[in-house]
Amino acid sequence: MPFSTQPSFTVHSPDMADGRVARAQFASAMGGPGDNLSPQIEWQGAPASAQSFIVTMYDPDAPTGSGWWHWAVANIPGSACALPRGAGVAGTSALPSGAVEINTDMGVPGYVGPLPPPGETHRYVVTVTALDVARLDLSPTATPALLSFIAGAHTVGKATFTAMGAR
């Protein structure tokens, strides 16, 4: 079944309420100014047929030719309507039961905060995808691109917002 965007399906982050990535969400590695703390993500109005969700954060402006995946979480239960701040920090158990983090473009699961080149402003696209299945069978080495491809056949709605970030 092809997905249809539900006008009432919305997503936002109190950590990006002003349309900008907060310093705490920026990377702390490689000279980054932040704490590498994943943002709180909240959604509402999802389709009634949603049995699970995917949350992703993607930078289409990264100087790679293919963008950069900062975070991907799959198999979030259909009863969920948020991910708490810090849920993507390695070693925490703040994700809902059954949810799994997919490898980012750093080659590891978990949240990887933004770190645009100095003087550049990048867009960070957060998407919540509603699925008509309770879980996707994913390889431990799945990438966000593969996750998106597999989810395509089960998507019943999407909500997205974009925050800007610069250092």
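Colleague: In what sense do strand 1 and strand 2 pair, and over how many bridges?

Modeller: This is a predicted model, so read every feature as such. Strand 1 covers residues 10-12, and its pairing with strand 2 is antiparallel, over 3 bridges. Val11 sits opposite Trp43 of strand 2.

Colleague: Which strand pairs with strand 2 over 2 bridges?

Modeller: Strand 5, residues 82-83. The sense is antiparallel. Here Glu42 stands opposite Ala82.

Colleague: Which side chains of strand 2 point to one face, and which to the other?

Modeller: Start with the general idea. Side chains in a regular strand alternate between the two faces of the sheet. Now the case here. Strand 2 spans residues 41-44. Ile41 and Trp43 point to one face and are buried, that is, under 20% relative accessible area. Glu42 and Gln44 point to the other face and are not buried.

Colleague: Now the open sheet. What is the strand order?

Modeller: The order is 6-4-3-7-8, with 5 strands and antiparallel pairing. Strand 6 (100-101) and strand 8 (155-166) are the edges; each pairs on one side only.

Colleague: How many bridges join strand 7 to strand 8?

Modeller: 11 bridges, and the two strands run antiparallel. Strand 7 covers residues 121-131. For one register point, take Tyr124: its bridge partner in strand 8 is Ala163.

Colleague: Which strands does helix 1 touch?

Modeller: Helix 1, residues 144-151, packs on the sheet. It touches strand 3 (52-59), strand 4 (68-77), strand 7 and strand 8. The direction of helix 1 makes about 45° with that of strand 4.

Conventions:
Residues are numbered from 1 along each chain as its sequence is written. This is a predicted model: local features need pLDDT of at least 70, side-chain atom pairs count only at pLDDT 80 or more; totals for chains, interfaces and linings use all residues. Side-chain values use heavy atoms; hydrogens and water are left out. Two strands pair if DSSP finds at least two bridges between them. Helices (H or I, at least four residues) and strands (E, at least two) are DSSP runs, numbered from the N terminus. Contact means heavy atoms within 4.5 Å. Axes are lines fitted to C-alpha atoms, for helices over the stretch in contact, and angles run from 0 to 180 degrees between N-to-C directions. Buried means under 20% relative accessible area, exposed over 50%, partly exposed in between (1.4 Å probe, protein chains only).
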